[in-house]
Number of protein chains: 2
Amino acid sequence: MLKEREREKTEKYYSILNGAGAVFARFGFHKSTISQIAAEAGVADGTIYLYFKNKDDILYQFLNFKSTHFFQKMRDAVNGAENAELKLRNLIECHLREFQNDINMAVIFQSEVRYRRGIESHLKDVSKVYLEFLSEIIEQGQMEGRMRQDLFVGLVKRFILGAVEGVINTWVAADGKYDLVSMADPLVDLYMNGIQNNAA
Amino acid sequence: MLKEREREKTEKYYSILNGAGAVFARFGFHKSTISQIAAEAGVADGTIYLYFKNKDDILYQFLNFKSTHFFQKMRDAVNGAENAELKLRNLIECHLREFQNDINMAVIFQSEVRYRRGIESHLKDVSKVYLEFLSEIIEQGQMEGRMRQDLFVGLVKRFILGAVEGVINTWVAADGKYDLVSMADPLVDLYMNGIQNNAA
DNA sequence: ACCTCAAATGAATTTATATTCATACACTAT
DNA sequence: ATAGTGTATGAATATAAATTCATTTGAGGT
C-alpha cells in the first residue's frame, strides 16, 4: 500500500478513477469487474489495490471527488445571483451543465447513488446538501415576496429536485444526444408559473 | 420444474414472491441471497428453482406482477374523472396510495427499476407507460383550455413524474413514517400554480 | 398396506470475481 | 555497476453465493 499522503495525488490514481467512471457508467457498479476497470485504466488488477481499499472504495472515492467539485460549482453559481429566482435559475443551469459535461458522472449519480446503504452514510449525502441549497433559496424568495408564503418548503424542495432529476434521467436514457442545459429555462418557468392556463 | 400452467398459481409461488419483496426491499436486490428469500418464504432454497428460472427472474416477475396491478388501478383512477386537472389529481393520488399501501414495492420500484439494463427491456417499461398517461392528460388539458398552450409536453411530463418520485423517495427514506397520500393535493397545486407569488 | 409420482429438500457443486502475494521492475544514491 | 527501496504485475487463492440433483416426503389411488 502506498503512503496515504501521496496515494491520492498520482496520475495513476486518477487514471483508475476515470477508468472506473467509464466502466461503472457502462455496466453499472455491480456488473463491473476489477479487471475491466484495470484494463480501462491501463494498469494491472493488483495495482488498483495500491490505491483503493476495495471495489466499494473506488465508487466511494469517485462520488466523493465528483460531488466536491460539483458543489463548489454550485456554490459559485448561486452566489453570483441577486434574487431568489435568479439563484434558482443558476442552480438548475449549473446542475444541468455539470451533468452534461460529465455523462459518466451523470449516469452513476442517477443510477447508483439512490439507495446505496452504507455509502450515503459515509458520503456527505449528496441530495441532502442539494436540498439545503434549495431551502435557503426558497426561504429567501419568500422573504423577498417573490415566492408564495403558503408553500410547504419541505415539499417544494423535493418537488424541484425530483423534477430536475427526472429531466436528467430522460437525457441519460437518450445517451445524452440532445442539449440538456437548454432545459433549464423552461424548467424554471414551470417551477415558477406551473402548468395552469391563467390567461383563460 | 413444474408445469408452466400451474406454476404461477400456487400459494407457494406467491409466498416466494412476497418473501422476495420483503428481502429485496430490506437489503436491495444484489445483497439479497436466495437463502434469505427461501427462509423468508418458508421454503427450501431448491424449491425456488421450481418456480423461478433464476434470481433475476424473481425480480422480473415481482415487478411484472406489481406493475400490472398498479397500472390497472391507475387506469381506473383516471377514467373516473371528467376534466384534465381532476385526472391529474386522481393519478397522483392513486400513485401515492398504491405505494403507501405496499412499501416493499415502493422501495423496490424506486431503487431497482432505474437503470436495470435487460430488465426494463423485457418489462413493459414502467415509466414509459406512466409518461403516456401524463401526455394524454396534458394534451387533454390543453384542449380544454385548462392548461397553458405553450407547454413543452415532453418536458412537463418528466417534470411531473420526477416530482412525485422525489416525494416518494423522501417518504421511503423516512421508512414510510408519515402519510404520503396527503401530499397529493399540495403537489398538484404546485404543478398547476407554481411557486411564484402572483398576488404581490 | 403398498405403490406411484409430483413436489420439496438441502448438501454438494459450480462459477465468478474480489483480493492477495511472491516475483519482477525501475529508479536513485553510493 | 550495484544495492536498496518503492511500485507494479498478474497468476494463484479465497470466498461467497447461485444453481443443481440425488434423495426424501407425502398425497392419492389400488
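**Two DNA strands, two chains and a shared core**

The largest share of the surface near DNA strand D, four residues, comes from helix 4 of chain A. This is a predicted model, and the description below starts at that surface before turning to the protein itself.

Around DNA strand D sit 16 residues, and the closest of them are Ala44(A), Thr47(A), Tyr51(A), Ile34(B) and Tyr49(B). Of the atoms of DNA strand D that come within 4 Å of the protein, sugar and phosphate make up 73%. Several side chains reach phosphate oxygens here. Tyr51(A) places a side-chain N or O atom 2.8 Å from a phosphate oxygen of DNA strand D, while a polar side-chain atom of Tyr49(B) sits 2.9 Å from a phosphate oxygen of that strand. Lys12(A) joins in as well, with an N or O atom of its side chain 3.2 Å from a phosphate oxygen of DNA strand D. Two elements give two or more residues to this surface, namely helix 4 of chain A and helix 4 of chain B. Sorted by class, the surface near DNA strand D holds seven nonpolar, six polar and three charged residues.

On to DNA strand C. It too has 16 residues around it, with Ile34(A), Tyr49(A), Ala44(B), Thr47(B) and Tyr51(B) as the closest. Sugar and phosphate supply 76% of the atoms of DNA strand C that come within 4 Å of the protein. Here helix 4 of chain B is the top contributor, giving four residues to the surface. Helix 4 (45-51) of chain A and helix 4 (45-51) of chain B each bring at least two residues to the surface near DNA strand C. The class breakdown reads seven nonpolar, six polar and three charged residues.

The polar pairs at DNA strand C include both side-chain and backbone atoms of chain B. Thr47(B) has a polar side-chain atom 2.4 Å from a phosphate oxygen of DNA strand C, and a polar backbone atom of Ala44(B) is 3.0 Å from a phosphate oxygen of the strand. Gly46(B) reaches a base: one of its backbone N or O atoms lies 3.2 Å from a base nitrogen of DNA strand C.

One of the closest residues to DNA strand D, Ile34(B), belongs to helix 3 (residues 34-41) of chain B. With a relative accessible area of 15%, Ile34(B) counts as buried, because the cut-off is under 20% with protein chains only as cover. Setting aside residues up to four places away in sequence, Ile34(B) touches Asp45(B), Ile48(B), Tyr49(B), Lys55(B) and Ile58(B). Its C-alpha is 9.2 Å from that of Asn54(B), a residue 20 places off in sequence.

As for the overall build, chain A has eleven helices and zero strands. Some 54% of the 200 residues of chain A count as buried. Counting contacts in chain A between residues at least 6 apart in sequence, 69% link residues at least 24 apart. The accessible surface of chain A is about 9200 Å², and carbon and sulfur atoms account for 49% of that.

The largest nonpolar core has 136 residues, and the members touching the most others are Ile92(A), Tyr191(A), Ile92(B) and Tyr191(B). Tyr191(B) has partners in both chains: beyond its neighbours within four places in sequence, it contacts Phe159(A), Gly194(A) and Ile195(A), and its chain B contacts include Leu88(B), Ile92(B) and Phe159(B).

Gln196(B) makes cross-chain contacts too. This residue falls in the segment after helix 11 (184-193) of chain B, and its side chain makes a polar contact of 2.6 Å with the side chain of Asn193(A). Apart from residues up to four places away in sequence, Gln196(B) touches Glu85(A), Arg146(A), Met147(A), Arg148(A), Met192(A) and Asn193(A). Its relative accessible area is 19%, so Gln196(B) comes out as buried under the 20% limit.

A backbone oddity turns up at position 175. Asp175(A) is not a glycine, yet has a positive phi of about 60°; in chain B, Asp175(B) has a positive phi of about 55°. Asp175(A) lies in the loop between helix 10 (153-173) and helix 11 (184-193) of chain A, and Asp175(B) in the loop between helix 10 (153-173) and helix 11 of chain B. Asp175(A) is exposed, with a relative accessible area of 56%, and Asp175(B) is exposed at 55%.

Methods:
Residues numbered from 1 in each chain as written. Chains lettered and ligands numbered in written order. Predicted model: local features only at pLDDT ≥ 70, side-chain atom pairs only at ≥ 80, totals over all residues. Heavy atoms only, no water. Near = heavy atom within 4 Å. Polar contact = N/O pair within 3.5 Å; in protein donor to acceptor, adjacent residues only side chain to side chain. Nonpolar A, V, L, I, M, F, W, Y, C, P; charged D, E, K, R; others polar. Core = buried A, V, L, I, M, F, W, Y, C linked by side-chain atoms within 4.5 Å. Buried < 20%, exposed > 50% of the residue type's maximum accessible area, 1.4 Å probe, protein only. Contact = heavy atoms within 4.5 Å. Areas by Shrake-Rupley, 256 points an atom, 1.4 Å probe, with all protein chains shown as cover.
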